[in-house]
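Let's take a walk through this model together, beginning at its surface and ending in its interior. Keep the structure open beside the text as you read.

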Amino acid sequence: MAVRIRLKKLGRKHRPFFRVVAVDVRRPRDGRVLEELGTYDPLVPEVDARAVLKGERIDYWLGVGAQPSDKVAVLIKKYGSKGVCLEAQKSALERLSAGRARRDAAAVAEEQSRVTAEINSRIMAKREAEAKAKAEAEAKAKAEEEAAAAAEGTENAEETATEATAE
């Protein structure tokens, strides 16, 4: 069986992403693979962080006679186990992960502030509703007291009028 190390295309339209794979020569580009050996993302801003390869497994497949495609041969030369850009790749990956960590921290802080604002607005709405309900209850109680006093005043006036006519 002739084995080839080549790129398997994934991703979506206008957003390519590739896996470096060992595959039988007779298989289609995106078909079944023998082993996945790494990834290649051409849209990563750090050029040296675009390819991440499993060097030992690539060396194994090359040792048993696998032939790399042209693009994969360049990637192996740069980022394989004996690659010429390994140190640059390591520093680029660190810069990329540090940038992601800062972005993630900023996103977490933004989400926390949004949640805090939402909680505060709910608390204020609840307090306003309680104050309104309390004011309405006090107004209703005052109105009932006034109505009772007016009714009592009417009864007292009637009693006085009755007493005055009785005399």
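I119 counts as partly exposed because its relative accessibility is 44%, where partly exposed sits between buried (under 20% relative accessible area) and exposed (over 50%), with a 1.4 Å probe and protein chains only. You will find I119 in helix 3, residues 86-166; helices here are DSSP runs of H or I with at least four residues, strands are runs of E with at least two, and both are numbered from the N terminus. Together with V115 and I123, I119 forms a nonpolar patch on the surface, with about 220 Å² of accessible area in total. Such a patch joins nonpolar side chains (Val, Leu, Ile, Met, Phe, Trp, Tyr) within 5 Å, from residues with over 30% relative accessible area and no salt bridge, that is, no side-chain nitrogen of Lys or Arg within 4 Å of a carboxyl oxygen of Asp or Glu. The areas come from the Shrake-Rupley method with a 1.4 Å probe, and only the protein chains shown count as cover.

A word on the source: this is a predicted model, in which local features need pLDDT of at least 70 and side-chain atom pairs count only at pLDDT 80 or more, while totals for chains, interfaces and linings use all residues. Residues are numbered from 1 along each chain as its sequence is written, and side-chain values use heavy atoms, leaving out hydrogens and water.

Now turn to the sheet. Its five strands form an open sheet in the order 4-3-2-1-5, with mixed pairing; two strands pair if DSSP finds at least two bridges between them. At the edges are strand 4 (51-53) and strand 5 (67-68), each pairing on one side only. Helix 1 (residues 55-63) packs on this sheet and touches strand 1, strand 2, strand 3, strand 4 and strand 5, contact meaning heavy atoms within 4.5 Å.

Following the pairings, strand 1 (residues 3-12) runs antiparallel to strand 2 (residues 15-24) over ten bridges, with R4 partnered by V23. Two residues lie between these strands in their hairpin, where H14 takes a positive phi near 65°. Strand 2 also pairs with strand 3 (residues 35-40), antiparallel over five bridges, and here V21 stands opposite E36. Strand 3 then meets strand 4 through three antiparallel bridges, with T39 opposite V52.

V52 leads us back to helix 3, where Q89 is found. Q89 touches D48, A51, V52 and Y79, leaving aside residues up to four places away in sequence. With a relative accessible area of 8%, Q89 is buried.

Terms used
Patch = residues over 30% accessible without salt bridge, like charges linked within 9 Å, V, L, I, M, F, W, Y side chains within 5 Å. Axes fitted to C-alpha atoms, helices over the stretch in contact; angles between N-to-C directions.
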